[in-house]
Amino acid sequence: MSASIALRDPRRYFEDVDARRSSEADTPPVCLYLEVTNRCNLLCETCPRTFEMLEPPADMSWDLFTRIVDQVPNVARVVLHGVGEPMLVKDLPRMVRYLKDRGTYVLFNTNGTLLQTKRFGELIATGLDELRVSLDAADRASYLRVRGKDFFDRIVRDVGRFIAYQKSTGATTPRVSLWLTGLKETVDQLPAFVRLAAQMGVTEVHLQRLVFDEGGYGMARADLSLFESTQSDELAAIEAAQALGAQLGVTLDASGATEPGISLRRQQDDQPWATCRRPWSLMYFTAHGRALPCCIAPFSVRGYSNYTLGDATQHSLRDIWNSPAYRDFRSSLLSDAPPAPCQNCGLRWSL
């Protein structure tokens, strides 16, 4: 598969991995998730960092960032987010430019609260490919309930201004999208969310599955998740939103799926975790350099102690990638007893 295809459609990273999956990865990762910070300015009811300290607050240092990136010279795609808000990081524009100078496809997810007008030009100038804005509600009251702070109107205003600025300057990147987590609390707002996106000038909306620990945090609980228990009225909201999007020129997609309903239904496979390709294709590092299986792990089981696979401050990525811990993790994922972070994940969770 060519690098250009991989950059545009990360789902195709994995198409040729199945036949050669074993405990040892025979090629380097094609994607890196770098948690450039674990700090955040919101208190979201679906985020584990609202309820416990996973690691001490920190931004990834420039030295650690470059040390990791330089060890994967042909990396195709880098995602600059984790459990924190990337736009809090002073070095973020420098990090994006460093990656773009290497020809890497770069994106990050933001809560949109720091997208001020004075930062528009700098953000575009970095060459950032995608800017994903997690809004999670179509009105101010719902946003406050999910996000914990009253920033809804500001985000809607500033994202709209950013789109307008892009058009006025002729900039074609970053590609901007809006994201809504699939909660029973908010799924009925999906048509209004699509309409809001159109009003802001955003042409791409994603319905994102909620992954949660069995114990649950706030709204990150099984009883509030759409997954596996989508009702007829919720499916009707999804269909109505798709139809409205077609009228308004807004595409509606679900995380990693071809249409929104797919990611809300459990797959028939008795071992859905066994189809995951992430441990053979990507590496995730926290702000402190801790290697985790993927970006979903922090949301699917409490604490990091049981699934830390290495430390980039102590060992090379080559040594971590096929270390005993990584090999054991891969073997478990291919067995009847998957690692704890994988049991609740299922399929097609994230783009």
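Start by selecting residues 190-200, helix α7, together with residues 232-248, helix α8: the axes of these two helices come within 8 Å and cross at roughly 20°. The model on screen is a predicted one. Angles under 35 degrees count as roughly parallel, and α7 and α8 are therefore roughly parallel to each other. The crossing in which α7 passes α8 is right-handed.

Keep both helices selected and show side chains. On the α7 side, the residues to display are Leu190, Pro191, Val194, Arg195 and Ala198. They meet Ala237, Ile238, Ala240, Ala241, Leu244, Gly245 and Leu248 in α8. Sorted by class, this contact of α7 with α8 has 10 nonpolar residues, 1 polar and 1 charged.

Next, select residues 31-34, strand β1. Which residues of β1 lie on each of its sides? Cys31 and Tyr33 are on one side, and Leu32 and Leu34 are on the other. All four are buried, and both faces of the strand are covered.

Add residues 77-79, strand β2, to the selection. β1 and β2 pair in the parallel sense, over 3 bridges. To find one of the pairings, pick Cys31 in β1; its bridge partner in β2 is Arg77.

Now go to the loop between β4 (130-134) and α5 (140-147), and select Asp136, which is found there. Check the backbone: phi of Asp136 is near 65°, a positive value in a residue other than glycine. Is Asp136 buried or exposed? Asp136 is buried, with a relative accessible area of 5%.

From there, move to the loop between α6 (152-169) and β5 (175-181), where Pro174 has its place. Select Thr173 along with Pro174 and look at the bond that links the two. The peptide bond joining Thr173 and Pro174 is cis, with omega at about 0°.

Finally, clear the selection and view the whole protein chain. How many helices and strands does the protein chain have? There are 12 helices and 10 strands. Of the 351 residues in the chain, 57% are buried; the four residues of β1 named above are buried, and Asp136 is buried as well. For contacts between residues at least 6 apart in sequence, 73% join residues at least 24 apart.

How values were computed. Residues are numbered from 1 along each chain as its sequence is written. This is a predicted model: local features need pLDDT of at least 70, side-chain atom pairs count only at pLDDT 80 or more; totals for chains, interfaces and linings use all residues. Side-chain values use heavy atoms; hydrogens and water are left out. Axes are lines fitted to C-alpha atoms, for helices over the stretch in contact, and angles run from 0 to 180 degrees between N-to-C directions. Angles under 35 degrees count as roughly parallel, over 145 as roughly antiparallel, 65 to 115 as roughly perpendicular and the rest as oblique. A crossing is left-handed if the near helix is turned anticlockwise from the far one by less than a right angle, and right-handed if clockwise. Contact means heavy atoms within 4.5 Å. Ala, Val, Leu, Ile, Met, Phe, Trp, Tyr, Cys and Pro count as nonpolar, Asp, Glu, Lys and Arg as charged, and the others, Gly among them, as polar. Buried means under 20% relative accessible area, exposed over 50%, partly exposed in between (1.4 Å probe, protein chains only). Two strands pair if DSSP finds at least two bridges between them.
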